[in-house]
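Me: I have a chain to go through with you. Short questions, short answers, please.

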Amino acid sequence: MENCLFCKIIRGEIPSTRVYEDDKTYAFRDIAPMAPTHVLVVPKAHIADCSAVTPENSGIVAHIFEVIPGIAKAEGLENGYRVVSNCGPDAGQTVQHLHFHILGGKPLTLEMA
Ligand code: AMP
Ligand code: ZN
């Protein structure tokens with residue numbers, strides 16, 4: 001997607017702090033962290049949001065959840081963490097490229113997304 005912010009980050013056109021990468025997935029630090037650790041995990045292939053997940057593309061979601069424990073361990077989140085995906089305006093989604101927030105490093109309030 002030409003003008004998608006996270007596609008530009010994946011292509012290296014916008015700088016980011018890489019945390020993890022493989023052939024299907026890219027993880028980087030959120031520019032406005034809401035917790036001591038705030039990492040975004042995204043599929044390299046553009047998917048708009050949770051509502052655009054289908055039987056044809058859902059394998060990437062499973063893959064992302066398979067790599068999240070390793071990212072959390074590398075970030076030292078032994079005491080727990082939260083995984084969040086905002087979908088649509090009422091959830092406050094601001095970037096229309098499927099992403100999973102990993103939040104941790106302190107006890108989290110329910111307001112944190
Ligand atoms: P959401 O509001 O769930 O769509 O999450 C989008 C997230 O992307 C927010 O937490 C932003 O802080 C984060 N974000 C926006 N621009 C950048 C960027 N250039 N690098 C890293 N994170 C970003
Ligand atoms: Zn995209």
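Me: How much area does the chain expose, and what share do carbon and sulfur atoms supply?
Reply: This is a predicted model, where local features need pLDDT of at least 70, side-chain atom pairs count only at pLDDT 80 or more, and totals for chains, interfaces and linings use all residues. Side-chain values use heavy atoms, without hydrogens and water. Areas follow the Shrake-Rupley method with a 1.4 Å probe; for residues, only the protein chains shown count as cover. The chain exposes about 6400 Å², and carbon and sulfur atoms supply 55% of it.

Me: What percentage of the residues count as buried?
Reply: Buried means under 20% relative accessible area, exposed over 50%, partly exposed in between (1.4 Å probe, protein chains only). Of the 113 residues of the chain, the buried share is 40%.

Me: In what order do the elements run?
Reply: Helices (H or I, at least four residues) and strands (E, at least two) are DSSP runs, numbered from the N terminus. The chain has 2 helices and 5 strands. From the N terminus on, the order is α-β-β-β-α-β-β.

Me: Is Tyr-81 buried, partly exposed or exposed?
Reply: Tyr-81 sits in strand 4 (residues 81–84). Its relative accessibility is 35%, so Tyr-81 counts as partly exposed.

Me: Which residues is Tyr-81 in contact with, leaving aside neighbours within four places in sequence?
Reply: Contact means heavy atoms within 4.5 Å. With those neighbours left aside, the partners of Tyr-81 are Ile-68, Pro-69, Ala-72, Ile-102, Leu-103 and Gly-104.

Terms used. Residues are numbered from 1 along each chain as its sequence is written. Chains are lettered from A and ligands numbered from 1 in the order in which they are written.
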